[in-house]
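Here's a quick walk through one protein model, written for someone who would rather poke at geometry than read a long introduction. Have the viewer open as you go.

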Amino acid sequence: MTTALGGGVWTDHRADRSWTQNAIRLIEADATRSADTHLLRFPLPTWSTSSGGIDLYLKDESTHITGSLKHRLARSLFLYALCNGWIRQGAPVIEASSGSTAVSEAYFAALIGVPFVAVMPRTTSASKVALIERQGGRCHFVDAAGEVYTAAADLARQTGGHFIDQFTMAERATDWRGNNNIAESIFTQLADERHPVPTWVVVGAGTGGTSATIGRYIRYRRHPTWLAVVDPENSVFAPAYATGDPTVSSSTGSRIEGIGRPRVEPSFVSQVIDAMVTVPDAASIATARLVSDVLGRRVGGSTGTNMWGAFALVAQMAAAGRPGSVVTLLCDAGDRYGDTYFDDAWVAAQGISLDAPRAVLDEFWADGSWPTGSGPTGSGPTA
C-alpha cells in the first residue's frame, strides 16, 4: 500500500511481512516435525579394534523427507531468502539444478505456496524430471549444461521471481555456528561414544556449502578435528585446492551425482579444508556397492566417494596405531541409481572397470592396508 505522507510517499509492506512470517513458520514447523537424521556406526573388520579401536560412522541424510543431504541446504536457502525479503508471495523461485537440490527446493516451495522452476539441460533423465515434478516443481530445459545459470537468472527477471542460486548462496545461508546444522548434529550425536570428538570428518563438495559449514564449526568450537574433502573424477575442486587457482575449469562433468563440479563454485571455501582426496569414478561405484552389501540397502555414488576417502583415513590411522573416530555422510539412497551405478551394463558402457578398486577394498577389508599414494593430500594428523 502506498500513501501520501507529509509531502512524501509512504510505502507500507506490512502485509508482505505477514506472509513472510507465515512462510518461515511453515518451514520451522516442518523441521520440528522431523526427527534428526541417524548417525550409523559402520561395522569395520576386527583388525580395527587394535590400539584402542577405530570407529567409523555414517550420518544418514537419506532419511530426510526429500531423500537426501540437499534437504538441509534447501531449507537453509529458503529461510535465508525469506529473511532477506527475496522470496515473495506468488512469485516463483528459480534454481539451476536437475538433481537432489531441485527436488528438495520444490518441496519447500510447495510447502509455502510459491511456484518452483528448475532449469536443467534437455538431456536430463526422465526419472530426475519426475522426482522434481512429483514435489510440485516445473522443469525448464536448455540445450547445454553451461547455459543453466544464465537461463535461471533470466527467467527470474522475466517472471519477477527469485533465482535462489545454490552455488553462490550455500556457504552463507547455513548458520555454521550452530542452530542444529549438520556439524552440530554430528558432534551432539557422538557425545556418548568412546571417541566423542572425531579425528576426521569426510565430505564431498558440490556447492561447497557442507564443507564450509563443517570446517567453520570445527574451528569455532575449537575441536581437534580435521576436515577431508573427497573429489570425484573430472571435478575441479581438488586441482583448485592443490594449486590455489580458483579459475581452473573442466569441460567434462562428474559422473558422481551431487558432488564434483566443472568450475570452482563461489561457495567452496578451500581455507577450511585440511586435506583432499581425489577419487576415481570406479572407486566411488565399487565402494558404493560394498557399503550397500554391508548395510543391506543401497547407497548412492556420492556415499561411495565419501567412504573411499574414509577407508583411506581409517587405514592410515590403523597403520599409525592411532585410535579415534571418522565420520562421513550417507548422502542419499541408491534406489535412484539402479540403472546407473548398480547396473553392470551401464558401468561397462562408460568404459569403467571395477577390478582395481575392488582389489584395494578386498585388501582393506582383510587387514586394513591401503595403497601408498592413494590417501589424502594436505595437512592432518595422518596425512
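What follows covers a sheet, two pockets, one loop residue and two helix pairs, in a model that is predicted.

## The open sheet

Start with the strands. An open sheet is built from 4 strands, ordered β7-β6-β5-β8, and the pairing is parallel. The edges are taken by β7 (138-142) and β8 (162-163); each has a single partner strand, so one side of each has no neighbour in the sheet.

Further in, β5 (residues 93-96) and β6 (residues 116-121) run parallel and are joined over 4 bridges. If you want a spot to click on, A96 sits opposite V119 in β6. Helix α5 (residues 148-159) packs on this sheet and touches β5, β6, β7 and β8, with its direction at about 170° to that of β5.

## The largest pocket

How much space lies in the largest pocket? The computed figure is about 1300 Å³. There are 46 residues lining this pocket, and those closest to its centre are S98, K128, S254, E257 and R261.

As for who builds the wall, α3 (100-112), β6, α4 (126-134), α5 and α6 (166-173) each put in at least two residues. The top contributor is α4, with 4 residues. Sorted by class, the lining comes out as 17 nonpolar, 21 polar and 8 charged residues.

## A closer look at S98

S98, one of the residues closest to the centre of the largest pocket, is found in the loop between β5 and α3. Which residues does S98 contact once its neighbours within four places in sequence are set aside? The list is M120, T124, K128 and I132. K128 is itself among the residues closest to the centre of that pocket.

The M120 contact links separate parts of the chain: S98 and M120 are 22 residues apart in sequence, while their C-alpha atoms are 5.3 Å apart in space.

## The second largest pocket

The second largest pocket has a volume of about 880 Å³. It is lined by 45 residues, and H71, R72, L73, R75 and S76 are the closest to its centre. Two or more lining residues come from each of α1 (14-33), α2 (70-83), α6, β9 (200-204), α8 (209-220) and α11 (301-319).

Here α2 gives the most, with 7 residues. The class split for this lining is 14 nonpolar, 23 polar and 8 charged.

## Two helix pairs

Two packed helices are described by the angle between their axes and the distance between the axes. For α10 (residues 281-295) and α11, the axes come within 7 Å and cross at roughly 90°. The two helices are therefore roughly perpendicular to each other. On the α10 side, A283, S284, T287, A288, L290 and V291 make the contact, meeting G301, G304, T305, M307, W308 and F311 in α11. By class, that contact has 7 nonpolar and 5 polar residues, with no charged ones.

Now for α7 (residues 182-189) and α8: their axes are 8 Å apart and the packing angle is about 55°. That makes α7 and α8 oblique to each other. I182, A183, E184 and F187 in α7 meet T210, T213, I214, Y217 and I218 in α8. The contact of α7 with α8 divides into 6 nonpolar, 2 polar and 1 charged.

How values were computed
Residues are numbered from 1 along each chain as its sequence is written. This is a predicted model: local features need pLDDT of at least 70, side-chain atom pairs count only at pLDDT 80 or more; totals for chains, interfaces and linings use all residues. Side-chain values use heavy atoms; hydrogens and water are left out. Two strands pair if DSSP finds at least two bridges between them. Contact means heavy atoms within 4.5 Å. Axes are lines fitted to C-alpha atoms, for helices over the stretch in contact, and angles run from 0 to 180 degrees between N-to-C directions. On a 1 Å grid over the protein atoms alone, a cavity is a set of points where a 1.4 Å probe fits but cannot get out, and a pocket is an open set with protein on both sides within 12 Å along at least five of seven lines; lining residues have an atom within 4 Å of a point. Grid points are joined across faces, edges and corners, and a volume is the space filled by probe spheres set on the points. Ala, Val, Leu, Ile, Met, Phe, Trp, Tyr, Cys and Pro count as nonpolar, Asp, Glu, Lys and Arg as charged, and the others, Gly among them, as polar. Angles under 35 degrees count as roughly parallel, over 145 as roughly antiparallel, 65 to 115 as roughly perpendicular and the rest as oblique.
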